[in-house]
Amino acid sequence: MPIFRMRDGSGSIRLKHVIEDTDRHGNVRVYLRRPGHLKVRLRSQPGTEEFLAEYRVAMMGATPRAPAGPLERRGSKGSFKWLCERYYVSAEYQRLSGRTKYVRRGILDRICDKNGSKPYALMEPRHVRRMRDEMADRPEAANGFVKALRQVYAFAVEYELALRNPARDVPYLKAKGDGFHSWTMEEVRQFEDHHPIGSKPRLALALMLYTGQRRSDIVRLGPQHIKDGWITLTQAKNRDRKPVTLSIPVLPELKAVLDATSTGNLAFLVTAFGKPFTSNGFGNWFRKQCDDAGLKHCSAHGLRKAGAALAAENGATERQLMAIFGWTTMKEASRYTRAARQKVLAASGMKLLSREGGGPGRGDGRNRNS
């Protein structure tokens with residue numbers, strides 16, 4: 001077995017865990033084989049800068065992608081698909097949560113289906129803008145596309161596979177409206193009238209409304225998270241990269257529902273088979289409970305927004321909202337405090353338009369300057 005050496009700016013270096021294999025046709029192939037990892041084939045010519053870059057990318061990887069099936073071809077060197085394949089085995093990609101990996105790979109694989117054979121080094125910001133604008137009717141999808149490209153090219157720049165990031169300065173599109181409908185208190189009462197205390201739907205509503213957490217956290221929440229009247233949990237979102245751990249008090253309204261409802265052992269909410277819900281499964285189930293209550297435009301997503309709006313209207317500061325909902329920046333919290341301040345100011349300011357407030361309606365209505 002040969003010892004692979006290369007030269008870089010600091011002199012000759014030995015490449016560990018690099019081996020040669022000869023297949024049944026007599027072809028010699030080069031692999032990176034580390035203990036406890038799958039073999040990763042190194043396709044560039046040994047001794048070249050491309051080979052060194054490929055070796056470094058492979059060394060970063062945790063669990064490499066499973067070998068391609070017989071109908072799936074690897075990207076040719078320098079193609080966009082080739083770059084994505086290296087990104088998929090990188091430490092940056094492996095650190096993502098399972099859900100984020102699934103979504104991002106889906107986006108990049110769709111790009112590869114159409115443009116995977118094109119040289120990734122030739123992509124320009126104008127190309128990114130054009131592809132983004134083709135999805136202008138779906139701003140969230142367009143922004144997910146831009147974000148995925150930013151990340152794969154950021155990886156390429158960091159590991160000297162590319163000189164620049166063509167998606168970095170391409171802005172996101174502004175989303176239409178405010179997203180999911182935010183429940184009103186009348187809609188909450190309508191749901192409660194249809195689903196009484198003691199029912200599973202009422203428990204789901206209470207958990208979301210009185211904790212302010214996402215459905216991905218609600219499905220994991222159980223008795224083990226409550227101690228001395230406080231709920232402590234690490235949010236599912238970004239838990240593998242920037243985990244956020246919260247401690248929030250159990251409000252009396254939530255305690256009353258919990259005490260009156262049969263729950264699971266490790267998760268308060270369980271399916272008909274006694275198993276915890278998945279996030280998507282819970283969303284679909286709760287959607288049906290809303291329909292049954294005559295609230296076809298309401299969903300689990302909108303309850304979190306309703307809770308934030310209610311807290312802000314009752315005087316919660318931006319810092320308090322961040323502590324409740326787990327936001328790490330002021331941006332999201334300020335949306336709700338701005339709206340709440342506008343409502344309060346409008347309530348006081350509108351008095352000036354009334355007769356009682358001394359506005360123009362006061363008096364007999366005649367023009368005083370006439």
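Helix α4 meets helix α6 through Arg104, Ile107, Leu108 and Ile111, which touch Gly144, Phe145, Lys147, Ala148, Leu149, Gln151 and Val152 of α6. By class, the residues of this contact comprise 7 nonpolar, 2 polar and 2 charged. The model in which this contact is seen is a predicted one. Two packed helices are described by the angle between their axes and the distance between the axes. For α4 (residues 98-115) and α6 (residues 139-158), the axes come within 10 Å and cross at roughly 90°. Because of that angle, α4 counts as roughly perpendicular to α6.

Helix α6 also has a contact with α2. The axes of α2 (residues 80-88) and α6 lie 10 Å apart, and the helices pack at an angle of about 80°; α2 is therefore roughly perpendicular to α6, a class that takes in angles of 65 to 115 degrees. On the α2 side the contact is made by Phe80, Leu83, Cys84, Arg86 and Tyr87, and on the α6 side by Leu149, Gln151, Val152, Tyr153, Phe155 and Ala156. These residues divide into 9 nonpolar, 1 polar and 1 charged. Leu149, Gln151 and Val152 of α6 thus appear in the contact with α4 and in the contact with α2.

The discussion now turns to the sheets. Strands of a sheet pair through backbone hydrogen bonds, either parallel or antiparallel. One open sheet holds 3 strands in the order β3-β4-β5, and its pairing is antiparallel. Its edges are formed by β3 (18-22) and β5 (40-42), each of which pairs on one side only. On average, and with direction ignored, neighbouring strands of this sheet are turned by 45° against each other. Strand β3 is joined to β4 (residues 28-32) by 5 bridges, and the two run antiparallel. Within this pair, Ile19 stands opposite Tyr31 in β4. Helix α1 (residues 49-60) packs on the sheet and touches β3, β4 and β5. The direction of α1 makes about 170° with that of β5.

A further open sheet is built from 3 strands in the order β6-β7-β8, again with antiparallel pairing. Here the edge strands are β6 (226-227) and β8 (245-249), each pairing on one side only. Between β7 (residues 230-234) and β8 there are 5 bridges, and these strands run antiparallel. Ile231 stands opposite Ile248 in β8.

Further along the chain is helix α12, which comprises the 14 residues 300-313. At 1.5 Å a residue, α12 should span 20 Å, and its end C-alpha atoms are 21 Å apart, so the expected and computed values agree. Buried residues in α12 are Ala300, Gly302, Leu303, Arg304, Lys305, Ala306, Gly307, Ala308 and Ala312. The helix is followed by Gly315, whose phi is positive, near 105°.

The whole chain gives the setting for these elements. The protein chain contains 14 helices and 8 strands. Of its 370 residues, 39% are buried, where buried stands for under 20% relative accessible area. Among contacts between residues at least 6 apart in sequence, 54% join residues at least 24 apart.

Technical notes:
Residues are numbered from 1 along each chain as its sequence is written. This is a predicted model: local features need pLDDT of at least 70, side-chain atom pairs count only at pLDDT 80 or more; totals for chains, interfaces and linings use all residues. Side-chain values use heavy atoms; hydrogens and water are left out. Helices (H or I, at least four residues) and strands (E, at least two) are DSSP runs, numbered from the N terminus. The expected span of a helix is 1.5 Å times one less than its number of residues. Buried means under 20% relative accessible area, exposed over 50%, partly exposed in between (1.4 Å probe, protein chains only). Axes are lines fitted to C-alpha atoms, for helices over the stretch in contact, and angles run from 0 to 180 degrees between N-to-C directions. Angles under 35 degrees count as roughly parallel, over 145 as roughly antiparallel, 65 to 115 as roughly perpendicular and the rest as oblique. Contact means heavy atoms within 4.5 Å. Ala, Val, Leu, Ile, Met, Phe, Trp, Tyr, Cys and Pro count as nonpolar, Asp, Glu, Lys and Arg as charged, and the others, Gly among them, as polar. Two strands pair if DSSP finds at least two bridges between them.
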